[in-house]
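User: Please take a close look at one part of this model, starting from a loop whose backbone deserves attention, and then follow the helix after it and its surroundings. I would like one connected account, with the cut-off for each term as you use it.

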Amino acid sequence: MENTIFYNADYIVVEYIDLIKSPYLLLLDQIRKNPKINEIMNIDEIDFLSDDGLYEWYRNRKHQNFFIDLNRYPDQISEESLNKLLEDQIGLSEYFYKKAVLLPLGGALKVMKRQGIAGEIIIYFPHHNDFAKADLEDKLDEKFNFMDNFDEILDMTKENSTYFLSNIDLINKMKEKNYLQFSSITLPIDYRYNKKNMDEFKIDLEALYKEYPFKLTYMRACTFAKPKE
C-alpha cells in the first residue's frame, strides 16, 4: 500500500471495546443499581463507589468481561454463560453506546478515514447488534466496516496490517493462525485484564517477538472518563 504513514497498512483493525468506547462501563453502572443482580453477582465492592471509583475498578478488573470478576458462584456459573449474559445485556439498549465517552483513538478514526492512511479500517466489535456501528458513524459522520468474528478478520487482513487491540489474548489468536509475524500491533497500557500482575503482561512479548518478529508499540487508551458524559 503506497502513500500511507503506516508500514503495515493493507488494513487497520481497531478493537472497539475500551479503545473506541467503553459501553461495558455504562452497563456496569446500570447493573449495580439492580438489587436482583446480587443474587448471582457479588457487587459489594462496587455498590457504593463514586463514578470515579467505579471507573478505577473498571480499568483494574481482571477480565474484559466484568461479569467474570463479579461471579458469586464461579464453580457453578461458567465463563461461557457469562459471555452470553454480557452479549445479551449489552444489546438491550443504544444507551450504552450513545452515552459512552469517545476515547482518543475513536476520535482519531475520522482523521485516518479522511486521510486514507490505510486500504480499509475494520472495527472489531464482538457482539451481534447494530448500536455501536450506528452510534460511531453518527458521531464521526463516516462509514466503517464492523465485523464480529476475529478469525474472519484475520483471514481477510493477514500480516501486512496494523492492529490496535485492547485485549492481549487476541495476539494468541494471531499466533495460532500464523498471522502474527511481520504484523504491527499496538496495545494499551491502561487495562489490568491484559496483565498477570500490575507490571507484567499476561504474554511474554519479548520471547514471542524472538520467535515471531512483529512490530509492537504501546499507547494510553483512555483519559479519565466517567460512566456518563
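Analyst: Asp-18 is found in the loop between β1 (11-15) and α1, where helices (H or I, at least four residues) and strands (E, at least two) are DSSP runs numbered from the N terminus. The model is a predicted one, in which local features need pLDDT of at least 70 and side-chain atom pairs count only at pLDDT 80 or more, while totals for chains, interfaces and linings use all residues. Residues are numbered from 1 along each chain as its sequence is written, and side-chain values use heavy atoms, with hydrogens and water left out.

Although Asp-18 is not a glycine, its phi is positive, at about 70°. Most residues other than glycine have a negative phi. Asp-18 is also buried, with a relative accessible area of 0%; buried means under 20% relative accessible area, exposed means over 50%, and partly exposed covers the range in between, with a 1.4 Å probe and protein chains only. Phe-182 is another residue other than glycine with a positive phi, near 70°, and it lies in the loop between α9 and β5 (184-188). Whereas Asp-18 has a relative accessible area of 0%, Phe-182 counts as exposed at 57% relative accessibility.

The helix that follows the loop of Asp-18 is α1 (residues 23-31), whose axis comes within 11 Å of that of α4 (residues 79-90) and crosses it at roughly 90°. Here the axes are lines fitted to C-alpha atoms, for helices over the stretch in contact, and angles run from 0 to 180 degrees between N-to-C directions. Angles of 65 to 115 degrees count as roughly perpendicular, those under 35 as roughly parallel, those over 145 as roughly antiparallel and the rest as oblique, and α1 and α4 are therefore roughly perpendicular to each other. On the α1 side, Pro-23, Tyr-24 and Leu-27 make the contact, and on the α4 side Leu-86, Gln-89 and Ile-90, contact meaning heavy atoms within 4.5 Å. These residues divide into five nonpolar, one polar and no charged, with Ala, Val, Leu, Ile, Met, Phe, Trp, Tyr, Cys and Pro counted as nonpolar, Asp, Glu, Lys and Arg as charged, and the others, Gly among them, as polar.

Helix α1 also has a place in the interior. The largest nonpolar core has 50 residues, and those with the most contacts inside it are Tyr-16, Leu-28, Ile-31, Phe-66, Leu-70, Leu-109 and Ile-123; such a core is a set of buried Ala, Val, Leu, Ile, Met, Phe, Trp, Tyr and Cys residues joined through side-chain atoms within 4.5 Å. The largest share of this core, six residues, comes from α1. Not counting residues up to four places away in sequence, Leu-28 touches Ile-46, Leu-54, Trp-57, Tyr-58, Phe-66 and Leu-70. Another core lies apart from the largest one and has 24 residues, among them Leu-170, Ile-185, Leu-205 and Tyr-212.

Tyr-16, one of the residues with the most contacts in the largest core, leads on to the aromatic rings, for ring pairs link Tyr-16, Tyr-97, Phe-125, Phe-131 and Phe-146 into a cluster. Rings of Phe, Tyr and Trp (its six-membered ring) pair if their centres lie within 6.5 Å, and planes under 30 degrees apart count as stacked, over 60 as edge-to-face and the rest as tilted. By this rule the count comes to 12 aromatic pairs. One of them joins Tyr-97 and Phe-125 edge-to-face, at 6.0 Å centre to centre and 70° between the planes. This pair links distant parts of the chain, with Tyr-97 in α5 (residues 95-98) and Phe-125 in the loop between β2 (121-124) and α7 (131-140), 28 residues apart. Tyr-97 is buried at a relative accessible area of 0%, and Phe-125 is buried at 2%. The rings of Tyr-124 and Phe-150 have centres 5.3 Å apart and planes at 55°, so this pair is tilted. Tyr-124 lies in β2 and Phe-150 in α8 (residues 150-157), so the pair ties together parts 26 residues apart in sequence. Tyr-124 counts as buried at 11% relative accessibility, as does Phe-150 at 5%.
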